[in-house]
Amino acid sequence: MARNPASAETRRPTARSGSAPGKLLPSDARKHHRSLILQHLFEDGSYSRADLARMTGLARVTVSDVVSDLLEAGLVLELGVRPGTHMGKPATLVGVNVAGGYAVCLDLSDDTVLRGALVDLAGTRVKTTEVDLDGAVGQAAVDKTIALARRLVETAPGRVLGIGVGTPGVVDLDGVVRRAPNLGWTNLDLRTEIEEALGHPTYVANDADTAALAEDTFGEGSGDGLLLVEIGHGVGAGILVDGALLRGPDGTAGEIGHVNVLADGPECSCGRRGCLEALVSAPRLRARIDGLSEAEAAGVLAAAGRQLGKILAPVTQALGLRDVVLSGPDELLNGPLLQAAESTVLALTRPFGDQHVRLRMSALGHDGVLAGAAAHVLGRELGLS
């Protein structure tokens, strides 16, 4: 099992009318108990009820009741007795039923396709699919997103727990896309649009934030300090520090794509000129190297890497980050661009310890946003956040 699927996720605030501040209602206590038990089963494997009582500090009768509920819901299974048990009544082990629920995951970060996956409780993708974006923006892009999600919902072999979406742009905690110029969205309540169309709980988050969560949960990163740069339709960063995702007061932390790099550079989707996104986003890079020789293309990509490195250097220095991860098209990023970006960051920063900043490609390849979307759903719907 992977680490807790929402260990570094920002908590979504909740309010309960009629409940006193700080008062723990019976329903809250039951959800908390369920969360504790599921966390141990997800992270550590199978245990007996007595094991779970000992590890969680809950009463055995409480553990027994919660496990009974989880068995009835199909989220856990009884796996038989522990091997090697000879004396007394053998304890029955329980573990996560990987087919007990599925998450529909959508990645809207690519500039050419919308990607989707159906993921089981072990984080294994049981189906993947995609639809061509074909330049769709506005409501047309929304319709394609909903159609992709519907296709996955209809093919799920069991209960769908929810839908997770990673999208470019500024996204608030309620799943409203405040601004995603590449998709033509402004103040779009994408969460509500999908929930009303398909009837499943939906969680919408920024693509870079989602990929950073995945790198911490399923990849090689650590929530203690990670800067993940998502390069696709746009350019953005997800930042994890001290086990928490940085959002900022308006949810715009990590929006490095609209930092000005060249005063008279190419026009950006935001309306300004010379933004980082206008120089190093995937469609801009493809256009700039189209028709060039291999050597010429390498020079263009290296120059883009240096531009990226100049923006990343002050961020890593200010926040004390050493692990910088690039996520996006491997053929564009993994080579001269990555090497030039790392050299630039190293030249512009000063380490205060023995370890220097390291730039690398995501351990999850191009699947970080999908994995992060799964983590959002499993974390929220199973109480693991």
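Two strands are taken to pair if DSSP finds at least two bridges between them. In this predicted model, strand 2 and strand 3 (residues 92–96) satisfy that criterion with five bridges, in the antiparallel sense. The points below cover two open three-stranded sheets, an enclosed strand and helix, a buried loop serine, a helix pair and several residues with positive phi.

**Sheet of strands 1, 2 and 3**

- An open sheet is built from three strands in the order 1-3-2, with antiparallel pairing.
- Its edges are strand 1 (47–48) and strand 2 (76–81), each of which pairs on one side only.
- Helix 3 (residues 60–73) packs on this sheet and touches both strand 2 and strand 3. The direction of helix 3 makes about 110 degrees with that of strand 2.
- Within the pairing of strand 2 and strand 3, V76 has V96 of strand 3 as its bridge partner.

**Sheet of strands 8, 9 and 10**

- A further open sheet has three strands in the order 8-9-10, and its pairing is antiparallel.
- Strand 8 (170–171) and strand 10 (185–189) are the edge strands, each pairing on one side only.
- Strand 8 pairs with strand 9 (residues 176–180) in the antiparallel sense over two bridges, and V171 stands opposite V177 in strand 9.
- On the other pairing, strand 9 and strand 10 are antiparallel over four bridges. V177 recurs here, with L188 of strand 10 as its bridge partner.
- The hairpin of strand 8 and strand 9 has four residues between the strands, and G175 in this hairpin takes a positive phi near 80 degrees.
- Strand 9 and strand 10 likewise form a hairpin with four residues between them. In that turn, G184 has a positive phi of about 70 degrees.
- Helix 5 (residues 190–198) lies across strand 9 and strand 10 and runs at about 45 degrees to strand 10.

**Strand 11 and helix 6**

- Strand 11 (residues 202–206) is largely enclosed by the rest of the structure, because five of its five residues are buried.
- Strand 7 (residues 160–167) pairs with strand 11 in the parallel sense over five bridges. The bridge partner of T167 in strand 11 is N206.
- N206 also has a role in the geometry at the start of helix 6, where one of its side-chain oxygens reaches to within 2.9 Å of the backbone nitrogen of A208.
- Helix 6 (residues 207–217) is mostly covered, with eleven of its eleven residues buried. The buried residues include the charged-name positions D207, D209, E215 and D216, as well as A208, A211, A212, L213 and A214.

**The loop serine S109**

- S109 is located in the loop between strand 4 (102–107) and strand 5 (113–119).
- With a relative accessible area of 1%, S109 is buried.
- The side chains of S109 and D107 are joined by a polar contact of 2.6 Å.
- Apart from its neighbours within four places in sequence, S109 is in contact with G166, P168, D207, E230, G232, H233 and V369. One of these residues, D207, is among the buried residues of helix 6.

**Packing of helix 8 and helix 9**

- Helix 8 (residues 282–289) packs with helix 9 (residues 294–319) at an angle of about 145 degrees, and their axes are 9 Å apart.
- The crossing of helix 8 past helix 9 is right-handed.
- Helix 8 contributes L285, R288 and I289 to the contact, while helix 9 contributes A297, V300, L301, A304 and Q307.
- By class, this contact contains six nonpolar, one polar and one charged residues.

**Positive phi outside glycine**

- Most residues other than glycine have a negative phi.
- D134 has a positive phi, near 55 degrees, and is not a glycine. This residue is in the loop between strand 6 (125–132) and helix 4 (139–155).
- D134 counts as exposed because its relative accessibility is 65%, the cut-off being over 50%.
- N187 also is not a glycine and has a positive phi of about 50 degrees. N187 is found in strand 10, an edge strand of the sheet with strand 8 and strand 9.

Note on methods. Residues numbered from 1 in each chain as written. Heavy atoms only, no water. Contact = heavy atoms within 4.5 Å. Axes fitted to C-alpha atoms, helices over the stretch in contact; angles between N-to-C directions. Left-handed = near helix turned anticlockwise from the far one by under 90°. Nonpolar A, V, L, I, M, F, W, Y, C, P; charged D, E, K, R; others polar. Buried < 20%, exposed > 50% of the residue type's maximum accessible area, 1.4 Å probe, protein only. Polar contact = N/O pair within 3.5 Å; in protein donor to acceptor, adjacent residues only side chain to side chain.
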